[in-house]
Amino acid sequence: MFTKRSEGVNVNMGRRITWSECPAHVCVPRTTVAGGAKGFEPAMAESFPLDEFLDVAVDAAKIAGEVIRKAFYRTKRPEHKGQVDLVTETDKACEELVFNHLKHSFPNHRFIGEETSAAFGTDELTAEPTWIIDPIDGTTNFVHGFPFVCISIGLTIEKIPVLGVVYNPIMGELFTGVHGQGAFLNGDPIKASSQTQLISALLVTEDTTERDKPSVDAITNRISKLLYKVRSVRMSGSLALDLCGVACGRLDLCYHIGFGGPWDVAAAAVIIGEAGGLVFDPSGGDLDIMSRRVAASNGHLKDALVDALKGSA
Amino acid sequence: MVGNIPLPPPRLLFYLFFSSHGRERRRRQNSDPKWEKTTVRFSSHFSSSRSINRFSSSSVLISDASVLDGFLAVAVDAAKSAGEIIRQGFYQTKHVEHKGQVDLVTETDKACEELIFNYLKKHYPCHKFIGEETSAAFGISELTDEPTWIVDPLDGTTNFVHGFPFVCVSIGLSIGKVPTVGVVYNPIIKELFTGVLGQGAFLNGTPIKASSQNELVKALLVTEVRSLRMCGSLALNFCGIACGRLDLCYEIGFGGPWDVAAGAIIVREAGGHVFDPSGGDFDLMSQRAAASNSHLKDAFIRELNKSE
């Protein structure tokens, strides 16, 4: 049994595959990856043109971003997916636009999208190249005109996030990350912060769409306890942008338990890893992108955050 | 929270701002300005060369609306100059001091306050000034009826230190203890909010209005509203109410009048309300404030009181 690892990102995709299951042509042992971490990896460099995938994904994000940006300043008519969970025509239109753009270039790839999953159920994540898309992360913000919205496009291969694009068209911020190639904001390299003290750290989290008392109490109790341990707390309304904030160092820590689905983290997980940050389960274990639980930190504060979260449970 | 009452669908974006623990608090007695009873009379008969010539706690005579426009123009210039310093400093490493356990100040805060004060004093040498950093050093001046510039050179210092783009300059002018002119400028996102008494509120020159949301569900806070935001800048939160991207906001125990002096007039000119979280009149010096659109004030106050 082995766990796929890439630099900074320990990922458990929900089912570990054994060495004997891993086809030789897609999975070869490597002694080093970029930065020196050891692990087994798909032969991505030989088999998959990640740069080309990135170009197409960025194009798709920008086209959809323009749709979002224009709609942002108009009156929206949201529908309710739940008591507080919203969706708009723009969500659906952008998801279709992005799917079509990617399918045109990569007809054999698979797709998991938030709105399609809401309608038809979430497909199981397989080893094939799979695009995981949130057409608008921060729909509540979008409806209200609060400028923290983004489109999130992630690509997994062998169930590992290998490429991520997160684009906020209102603030004009494009975050990208490709396995082994670093992370960037509008073309400039980004790094997670160098903060080593929890009390000096800026933490971001979110509320959920659940409104039952146990869920709400869990959220507020955690925040109450963490306020004594960190410099300050932020809640912005977009988990993908929160995670990118950790990647570029403007935030030090992030956690969220009970968010919508893998589309919220698939892209940003790569970006954080490539920026030298860490993404993991809030319990300290490996990240499972299907679990709807995530935590992220710079390279120094993972253990402190995990301890603080245990103390606040 | 009342657990068994069925919940009508919540529809609001609610902003919750926790004040950081450890922040020093100084409560000052104030002569309790009566916002709602203050009358402001404009006269077009006087030339614009006449400035404010008489004040009392209950009425203000302003000789010409163009005088207020002049104040606004100078304040906008000052905000933009300070904003440029903030913008350049935003992308550099900061050297931070602590005013309290978590309350931060930087050289940028101090440099901006000095720049703004000097600029305003050059134009209006007889006006009074209350600034966050000067007050921290020398104590907060009492608010009088005289025209008083109330300045936060950098609201959201923690955000500034960390590079989180919710930072702003906040410049408010009170006359007769009434917020009369307000400028809030976020130089990172380049959003300039302005408001002048009787002349409306604007974002980058476009008129803004508070939201028209009119449903507040029964209990407060996380259970009953659509969602929470915590952004790190109270002045920008108020501006968010003014332009309708937020519906409700409150904070108890923030730094001082400089956090709300500008935002208060901008919210009001956009058709929103500013008040004490208890439901009483807003007291600029009390370090307590709540804001809402025009529909939700009473419901919000009821729920805030229930949650005490």
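These legends go with a set of close-up views of a predicted model.

**Figure 1. Chain A as a whole.**
Let's start with the overall make-up of chain A. Its secondary structure adds up to nine helices and 18 strands. Of the 313 residues in chain A, 60% are buried. How do the contacts spread along the sequence? Among contacts in chain A between residues at least 6 apart in sequence, 65% are between residues at least 24 apart. As for the outside, the accessible surface of chain A is about 11,900 Å², and carbon and sulfur atoms account for 50% of that area.

**Figure 2. Chain B as a whole.**
Now for chain B, seen in the same terms. Here the secondary structure consists of seven helices and 17 strands. What share of the 308 residues in chain B is buried? The answer is 62%. If you take the contacts in chain B with a separation of 6 or more, 65% of them involve residues 24 or more positions apart. Chain B has about 12,100 Å² exposed, with 49% of it supplied by carbon and sulfur atoms.

**Figure 3. Cysteines without a partner in chain A.**
You can stop hunting for disulfides, since the structure holds zero of them over all chains. Why is C94(A) not bonded to C150(A)? The sulfur of C150(A) is the closest cysteine sulfur to that of C94(A), but the two are 12 Å apart, so they are too far from each other for a bond. What about C150(A) itself? C150(A) is in no disulfide either, and its nearest cysteine sulfur, in C244(A), sits 6.9 Å away. C94(A) is tucked out of reach of the surface: its relative accessible area is 0%, so it is buried. C150(A) also counts as buried, because its relative accessibility is 0%.

**Figure 4. A stacked pair of rings in chain A.**
Zoom in on two aromatic side chains, which belong to one of the 19 aromatic pairs that the structure holds over all chains. Are the planes of F106(A) and W131(A) stacked or edge-to-face? The ring centres are 5.8 Å apart and the planes are at 15 degrees, so this pair is stacked. The partners come from distant parts of the chain, 25 residues apart: F106(A) is in the loop between α3 (89–105) and β7 (110–113) of chain A, while W131(A) belongs to strand β8 (residues 130–137) of chain A. With a relative accessibility of 5%, F106(A) counts as buried. W131(A) is buried too, at 0% relative accessibility. The pair also has company, since F48(A), F53(A), F106(A) and W131(A) form one aromatic cluster.

**Figure 5. A tilted pair of rings in chain B.**
Next comes an aromatic pair made by F117(B) and F129(B), and this one is tilted. The rings are 5.3 Å centre to centre, with 50 degrees between the planes. Where in chain B do the two residues sit? F117(B) is in helix α2 (residues 107–123), whereas F129(B) is in strand β7 (residues 128–131), and the pair links distant parts of the chain, 12 residues apart. Both F117(B) and F129(B) are buried.

**Figure 6. An annotated site in chain B.**
An unreviewed UniProt entry gives the annotation "binding site" to E132(B), D152(B), L154(B), D155(B) and D259(B). These residues are spread over 128 residues of sequence, yet they cluster in space, with a largest C-alpha distance of 9.6 Å. E132(B) is part of helix α3 (residues 132–138) of chain B, and at 11% relative accessibility E132(B) counts as buried. D152(B) lies in strand β8 (residues 148–155) of chain B, where it is buried at 1% relative accessibility. Which residues does D152(B) touch, leaving out those up to four places away in sequence? They are E132(B), C168(B), V169(B), S170(B), W258(B) and D259(B).

**Figure 7. An asparagine in a loop of chain B.**
The last view shows N293(B), which is in the loop between β17 (288–292) and α7 (297–306) of chain B. Is N293(B) buried or exposed? At 0% relative accessibility, N293(B) counts as buried. A polar atom of the N293(B) side chain lies 2.9 Å from the backbone nitrogen of H295(B). The side chain of N293(B) also reaches the backbone nitrogen of L296(B), at 3.1 Å.

Key
Residues are numbered from 1 along each chain as its sequence is written. Chains are lettered from A and ligands numbered from 1 in the order in which they are written. This is a predicted model: local features need pLDDT of at least 70, side-chain atom pairs count only at pLDDT 80 or more; totals for chains, interfaces and linings use all residues. Side-chain values use heavy atoms; hydrogens and water are left out. A disulfide is a pair of cysteine sulfur atoms within 2.5 Å. Buried means under 20% relative accessible area, exposed over 50%, partly exposed in between (1.4 Å probe, protein chains only). Helices (H or I, at least four residues) and strands (E, at least two) are DSSP runs, numbered from the N terminus. Contact means heavy atoms within 4.5 Å. Accessible areas come from the Shrake-Rupley method with a 1.4 Å probe; for residues, only the protein chains shown count as cover. A polar contact is a pair of N or O atoms within 3.5 Å; within protein, one must be able to donate a hydrogen and the other to accept it, and residues adjacent in sequence count only if both atoms are side-chain atoms. UniProt positions are given in the numbering used here, feature names are shortened, and annotations may be inferred rather than shown by experiment. Rings of Phe, Tyr and Trp (its six-membered ring) pair if their centres lie within 6.5 Å; planes under 30 degrees apart count as stacked, over 60 as edge-to-face and the rest as tilted.
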